[in-house]
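Reader: I am new to this structure and would be grateful for a close look at a single part of it. Please take one helix as the point of departure and then follow the contacts outward into its surroundings.

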Amino acid sequence: MGSNINETLGVWSEWFMLLAAFTYLVAFVAFVWDMASHSKAIGKAQRDAERQGVTSREGSKELVGAGSRGGSVSASATSAGSRVGNDAARHGAADGGASGPVAGEFRTTADARSKGADEFEALNYKDSISRPAARAAVVVMAIAFLLHAFAVVARGIAADRVPWANMYEFCSTGALVVAGVYLITLIFKDLRFVGPMVTGLVLLMLCAATIAFPTPVSPLPPALQSYWLIIHVSIAVAASGLFTITFAMAVLQLLQSRREKNLAAGEETKLGFLRVVPNSTTLENFAFRLNSVGFVFWTFTLAAGAIWADQAWGRFWGWDTKEVWTFVIWTVYAAYMHARVTRGWNGNRSAWLSIVGYLCVVFNFTVVNVYFPGLHSYSGL
């Protein structure tokens, strides 16, 4: 009876995983649609503000000319000109970052630069009436997360253990953590601009799990039958989830930095969708905060793995390929933290270091697990 239930849950887990992947795809399309439509709305607001500013300046010149000829300007005309100028000042933006009601939900490139802001606006769902696609994308992603969570939990119950003993389970659970961290962050920070990349990466991880690393439900190898599996791997998954989000923000930072240089030089840019993205400095600062937390988690992962290795194999460190690459990842992110804090490696250099660190994480998880034999060969393939 129990085996039948476990088999049923295993089948349900696979179907719900596919359903979650399809729902993430819908959320991805909604996020992309929101970015495109919102960017278009901001561009229109910018052009309207520029035209309004030109009209205001021409009106002021006419008023001054009339005053010099007639000797005085009526108080009502002066008041009207002042109101027009104030409206243009409030709604104008030099870089496609209109700060009016269209884009007031989070600071855009020009808005953040003009205010000297380095922080995102808090997300307020009640005030997001101008972005139905964004609200729909968040709701759909939350539904996908619940379906995904059921699939992962069902897999764990079917296997009668924690569901991260092989590459299929680690990848699917890691994708769940990425989606969960992103949704939790949305409660405090408006990061919907990074939604397309996050949902895209989650989709990629689920596709890798189901297509490249399909693994049937199986018992744990003897070396993994320890409570350290829960401690070590859960923290590693959490760190990988944070690094995934900071990787997406680093890519956006590089694109935004290039766009800002083009605009400063008076050149046209085809990256108009970045109007809805905060400036490169804001992206860099927030990514650094998340990377700091991820680095602490990865440090604990390294230490817990050494303790587990001592219990399983009688030594803390054996230069196994997996151990070496775990240390390489720690070294890259340590260099990122040190270079940015003490050496002044700001801007694109810090973004590239963050990207290199994440590529090391991906290499460690894919190439090392599949092609390098060792004591950590638990890919399940």
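Author: At the start of helix α5, a side-chain oxygen of Asn166 comes to within 3.3 Å of the backbone nitrogen of Tyr168. This description rests on a predicted model. Helix α5 itself covers residues 167-188, which makes 22 residues, and its first and last C-alpha atoms lie 32 Å apart, close to the 32 Å expected at 1.5 Å a residue. Of these 22 residues, 16 are buried, so α5 is largely enclosed by the rest of the structure.

The loop that precedes this helix deserves a word. Asp160 is situated in the loop between α4 (132-159) and α5. Its phi is near 60°, a positive value in a residue other than glycine. Most residues other than glycine have a negative phi. Asp160 counts as exposed because its relative accessibility is 69%, and the cut-off for that class is over 50%.

A wider view gives this helix its setting. The secondary structure of the protein consists of 10 helices and 0 strands, so that, read from the N terminus, the order of elements is α-α-α-α-α-α-α-α-α-α. Of its 381 residues, 48% count as buried. Among contacts between residues at least 6 apart in sequence, 80% join residues at least 24 apart.

After α5 one may turn to helix α6, residues 195-212. Its 18 residues should span 26 Å at 1.5 Å a residue, and the end C-alpha atoms are 25 Å apart, which agrees. The buried residues of α6 include Gly195, Pro196, Val198, Thr199 and Leu201 towards the beginning of the list, and also Val202, Leu203, Met205, Leu206 and Ala209.

A path from α5 to α7 is offered by Ser240. This residue belongs to helix α7, and with a relative accessible area of 12% it is buried, since the limit for that class is under 20%. Not counting residues up to four places away in sequence, Ser240 touches Phe170, Trp298, Tyr358 and Val361. Phe170 falls within the residue range of α5, 167-188. Ser240 and Tyr358 are 118 residues apart in sequence, yet their C-alpha atoms are 8.2 Å apart in space.

The contact of Ser240 with Tyr358 forms part of the meeting of two helices. Two packed helices are described by the angle between their axes and the distance between the axes. Helix α7 (residues 228-264) and helix α10 (residues 348-371) pack at an angle of about 145°, and their axes are 9 Å apart. The crossing of α7 past α10 is left-handed. On the α7 side, the residues involved include Ser240, Phe243, Thr246, Phe247, Ala250 and Leu254, while those of α10 include Trp352, Ser354, Ile355, Tyr358 and Val361. The residues of this contact divide into 10 nonpolar, 8 polar and 1 charged.

Ser354 leads onward from this contact. It is found in helix α10, and it counts as buried at 2% relative accessibility. Its side chain makes a polar contact of 3.3 Å with the side chain of Asn291. Leaving aside neighbours within four places in sequence, Ser354 is in contact with Thr246, Ala250, Asn291, Tyr333 and Tyr336.

Asn291, the polar partner of Ser354, lies in helix α8 (residues 280-313). At 0% relative accessibility, Asn291 counts as buried. A further polar contact of 3.3 Å joins its side chain to that of Tyr336. Beyond neighbours within four places in sequence, the residues in contact with Asn291 are Phe243, Thr246, Tyr333, Tyr336, Met337 and Ser354. Thr246 and Tyr336 thus appear in the contacts of Asn291 and in those of Ser354.

Tyr336 brings the account to helix α9, where it is one of the buried residues. Helix α9 comprises residues 321-342; its 22 residues should span 32 Å at 1.5 Å a residue, and its end C-alpha atoms are 31 Å apart, which agrees. Among its other buried residues are Lys322, Glu323, Ile329, Tyr333, Met337 and Arg340. The buried residues of α9 pack against α7, α8 and α10. Just after α9, Gly344 takes a positive phi of about 70°.

Terms used. Residues numbered from 1 in each chain as written. Heavy atoms only, no water. Helix = DSSP H or I, 4+ residues; strand = E, 2+ residues; numbered from the N terminus. Expected span 1.5 Å × (residues − 1). Buried < 20%, exposed > 50% of the residue type's maximum accessible area, 1.4 Å probe, protein only. Polar contact = N/O pair within 3.5 Å; in protein donor to acceptor, adjacent residues only side chain to side chain. Axes fitted to C-alpha atoms, helices over the stretch in contact; angles between N-to-C directions. Left-handed = near helix turned anticlockwise from the far one by under 90°. Contact = heavy atoms within 4.5 Å. Nonpolar A, V, L, I, M, F, W, Y, C, P; charged D, E, K, R; others polar.
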